[in-house]
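Grab a pencil and work through these exercises with the structure open beside you. Try each task yourself before you read its solution.

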Amino acid sequence: MRTGREGERALPFFVYGTLRPGEHNHDLFLRGRTAGEGAARLEGALLYDGPGYPYAIEAPGTIVGELVTAAPGAYGELLRVLDELEEYGAPGDPGNVYERAARDVLRADGTTARAWVYFAAPRVAHELRARGRLIAGGDWIAWTAPVRGNAVGPDPGRA
């Protein structure tokens with residue numbers, strides 16, 4: 001099992017894009033592997049369109065998402081699957097598309113939880129800052145709603 005900056009500690013995951021309930025990757029990667037899911041926000045980050053899937057970048061702002069807790073006995077497999085989906089190998093790996101980092105997220109009830117968050121890797125973040133489209137309001141579901149209303153969904157993707 002890959003670890004990370006938090007060591008072996010099993011943290012929940014903050015998901016903000018295609019892994020959110022009702023999205024394509026939620027059914028593919030999370031269904032049957034979670035014990036709980038609930039609304040949450042990540043402060044100190046902005047969301048950019050990939051296109052087709054979003055990227056979080058650390059900056060002043062807020063991202064809307066879900067806090068996902070692995071089902072008993074499913075954490076190691078879930079961590080492996082999500083790391084693979086997000087093309088994360090190890091901290092600082094130049095081949096990473098995303099970096100996994102532990103951050104505090106705010107639950108709907110106002111309490112905080114430490115969670116894994118997948119952020120755009122430095123080279124990707126640099127490109128997004130220069131040429132990317134900022135997702136106003138930091139909410140992938142709201143951003144893609146007009147597209148869905150036209151019966152054309154975004155490409156299946158990440159985070």
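## Exercise 1: A residue in the core

**Task.** Which residues does phenylalanine 13 touch, not counting residues up to four places away in sequence?

**Solution.**
Step 1. Phenylalanine 13 touches Glu66, Leu67, Val68, Tyr75, Leu78, Leu79, Leu82, Ala115, Trp116 and Tyr118, once residues up to four places away in sequence are left out. Keep in mind that you're looking at a predicted model.

Step 2. Now zoom out to the largest nonpolar core, which has 43 residues. Phe13, Phe14 and Tyr16 are the ones with the most contacts inside it.

Step 3. Two or more residues of this core come from each of these elements: strand 1, strand 2, strand 3, helix 2, strand 4, strand 5 (112-120) and helix 3 (122-131).

## Exercise 2: Pairing up strands

**Task.** In what sense does strand 3 pair with strand 1, and over how many bridges? Then do the same for strand 2 and strand 3.

**Solution.**
Step 1. Strand 1 covers residues 13-15 and strand 3 covers residues 54-70; they pair in the antiparallel sense, over three bridges. To see one partnership, find phenylalanine 14: its bridge partner in strand 3 is leucine 67.

Step 2. Strand 2 (residues 34-49) also pairs with strand 3 in the antiparallel sense, here over 14 bridges. Look for glutamate 43, whose bridge partner in strand 3 is threonine 62.

Step 3. Check the turn as well. The hairpin of strand 2 and strand 3 has four residues between the strands, and glycine 52 takes a positive phi there, near 95 degrees.

## Exercise 3: An asparagine in a loop

**Task.** Is asparagine 96 buried or exposed?

**Solution.**
Step 1. Find asparagine 96 in the loop between helix 2 (75-85) and strand 4 (98-107).

Step 2. Its relative accessibility is 1%, and buried means under 20%, so asparagine 96 counts as buried.

Step 3. See who surrounds asparagine 96. Leaving aside neighbours within four places in sequence, asparagine 96 is in contact with Glu87, Tyr88, Gly89, Ala90, Ala121 and Arg123.

Step 4. Compare sequence with space: asparagine 96 and proline 122 are 26 residues apart in sequence, and their C-alpha atoms are 8.9 Å apart.

## Exercise 4: Opposite charges

**Task.** How many salt bridges does the count come to? Next, where do the partners aspartate 104 and arginine 114 lie?

**Solution.**
Step 1. The count comes to 12 salt bridges.

Step 2. One of them joins the side chains of arginine 33 and glutamate 77, at 3.8 Å from N to O. This pair links distant parts of the chain, 44 residues apart: arginine 33 is in the loop between helix 1 (24-30) and strand 2, while glutamate 77 is in helix 2.

Step 3. Aspartate 104 and arginine 114 meet through their side chains at 3.4 Å, N to O. Aspartate 104 is in strand 4 and arginine 114 is in strand 5, so this salt bridge ties together parts 10 residues apart in sequence.

Step 4. Finish with glutamate 127 and arginine 131, whose side chains form a salt bridge at 2.9 Å, N to O. About one helical turn separates them, because they are four residues apart in helix 3. Glutamate 127 is partly exposed, with a relative accessible area of 38%, whereas arginine 131 is exposed, at 61%.

Step 5. As a last look, trace the network in which salt bridges with shared partners join Arg33, Glu77, Arg80 and Glu84.

Methods: Residues numbered from 1 in each chain as written. Predicted model: local features only at pLDDT ≥ 70, side-chain atom pairs only at ≥ 80, totals over all residues. Heavy atoms only, no water. Pairing = 2+ DSSP bridges. Buried < 20%, exposed > 50% of the residue type's maximum accessible area, 1.4 Å probe, protein only. Contact = heavy atoms within 4.5 Å. Core = buried A, V, L, I, M, F, W, Y, C linked by side-chain atoms within 4.5 Å. Salt bridge = Lys/Arg side-chain N within 4 Å of Asp/Glu carboxyl O.
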